[in-house]
Amino acid sequence: MFMNLVNSRESCRHFLKKEVEREKLINCIEAARLAPSACNSQPWSFVIVNKEGLLEPVAKATQKIGMNKFTDNAGAFIVVCQEKANFTAKIGSVLQETAFQDIDIGIAVTHICYEATAQGLSTCILGMFDDKKIINTLNMPKNKKIKLVIAVGYAERDYLRKKVRKEFDEIAYFAE
Ligand SMILES: Cc1cc2nc3c(=O)[nH]c(=O)nc-3n(C[C@H](O)[C@H](O)[C@H](O)COP(=O)(O)O)c2cc1C
């Protein structure tokens, strides 16, 4: 059931120092590839980092202002980039005054996290990182817009935290 997956995904901040299988990472990208997007624009690309020599500098680049120290043990990173939206999505964004690209990328990232969870992996979405360091480390085009980085790996712990969330009544109601 999907809710089992929802309940078992949490941000992992204690990774085992362990490699992540290439096939599992490919499956995560496949889940993102099939994600919905405004006007089917698919304004995303992904750089998968799992090479020994690249993991350390990317981990360090996610440790901006002393944060995210736990990424040292992540077995892989997925660097999520924003690509150009198609014409209709761009027009839609302007007319609707909504950044559809951001929404699209958020959905794709969610697909990645759930596919990772379904395969026994753990993830942490990282919004804080030194994009220039990542771009240099990975020899990416200088103007590439990195929106998020996902740390992927195997959790050290085999229990889940209690989820801290707003109650139903605080976030939803049935319209009358
Ligand atoms: C856009 C975004 C950026 C985030 N950035 C970070 C981050 O830089 N470091 C971190 O440890 N967690 C980060 N998180 C994880 C959130 O803190 C986490 O999802 C939230 O507290 C709920 O906890 P859970 O994911 O364990 O359910 C981020 C999550 C999102 C969606």
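Tutor: Helices here are DSSP runs of H or I with at least four residues, and strands are runs of E with at least two, both numbered from the N terminus. With that in hand, and remembering that this is a predicted model, we can place Asn-68 in the loop between helix 3 (52-61) and strand 2 (76-82).

Student: Is Asn-68 buried or exposed?

Tutor: Buried means under 20% relative accessible area. Asn-68 has a relative accessible area of 12%, and therefore counts as buried. A polar atom of the Asn-68 side chain also lies 2.9 Å from the backbone oxygen of Thr-62.

Student: Which residues come nearest to the ligand?

Tutor: Asn-68 appears again here, since the nearest of the 15 residues around the ligand are Ser-11, Arg-13, Asn-68, Arg-161 and Arg-165. By class, the shell around the ligand divides into six nonpolar, three polar and six charged residues, and its largest share, three residues, comes from strand 3 (residues 122-126).

Student: Which atoms of Arg-9, Ile-125 and Arg-165 approach the ligand, and at what distances?

Tutor: A polar contact is a pair of N or O atoms within 3.5 Å. For Arg-165, a side-chain N or O atom is 2.6 Å from an oxygen atom of the ligand, while for Arg-9 a polar side-chain atom lies 2.8 Å from a ligand oxygen atom. With Ile-125 the backbone takes part, one of its N or O atoms lying 3.1 Å from a nitrogen atom of the ligand. As for cover, the ligand taken alone exposes 620 Å², of which the protein buries 62%.

Student: How many aromatic pairs are there, and why is the pair of Phe-2 and Tyr-114 called edge-to-face?

Tutor: Ring pairs have centres within 6.5 Å, and planes over 60 degrees apart count as edge-to-face. The count comes to two aromatic pairs. In the pair of Phe-2 and Tyr-114 the ring centres are 5.4 Å apart and the planes stand at 65°, so this pair is edge-to-face. The pair links distant parts of the chain, with Phe-2 in helix 1 (residues 2-8) and Tyr-114 in helix 5 (residues 100-118), 112 residues apart.

Student: Why does Phe-2 count as exposed, and how is Tyr-114 classed?

Tutor: A residue counts as exposed over 50% relative accessible area. Phe-2 has 52% relative accessibility and so counts as exposed, whereas Tyr-114, at 17%, counts as buried.

Student: Where does Lys-18 lie relative to the ring of Tyr-154?

Tutor: Lys-18 lies over the face of Tyr-154, 4.2 Å from the ring centre.

Conventions. Residues are numbered from 1 along each chain as its sequence is written. This is a predicted model: local features need pLDDT of at least 70, side-chain atom pairs count only at pLDDT 80 or more; totals for chains, interfaces and linings use all residues. Side-chain values use heavy atoms; hydrogens and water are left out. A residue is near a molecule or strand if one of its heavy atoms lies within 4 Å of it. A polar contact is a pair of N or O atoms within 3.5 Å; within protein, one must be able to donate a hydrogen and the other to accept it, and residues adjacent in sequence count only if both atoms are side-chain atoms. Accessible areas come from the Shrake-Rupley method with a 1.4 Å probe; for residues, only the protein chains shown count as cover. Ala, Val, Leu, Ile, Met, Phe, Trp, Tyr, Cys and Pro count as nonpolar, Asp, Glu, Lys and Arg as charged, and the others, Gly among them, as polar. Rings of Phe, Tyr and Trp (its six-membered ring) pair if their centres lie within 6.5 Å; planes under 30 degrees apart count as stacked, over 60 as edge-to-face and the rest as tilted. Buried means under 20% relative accessible area, exposed over 50%, partly exposed in between (1.4 Å probe, protein chains only). A charge sits over a ring if NZ of Lys or CZ of Arg is within 6 Å of the ring centre and within 35 degrees of the ring normal.
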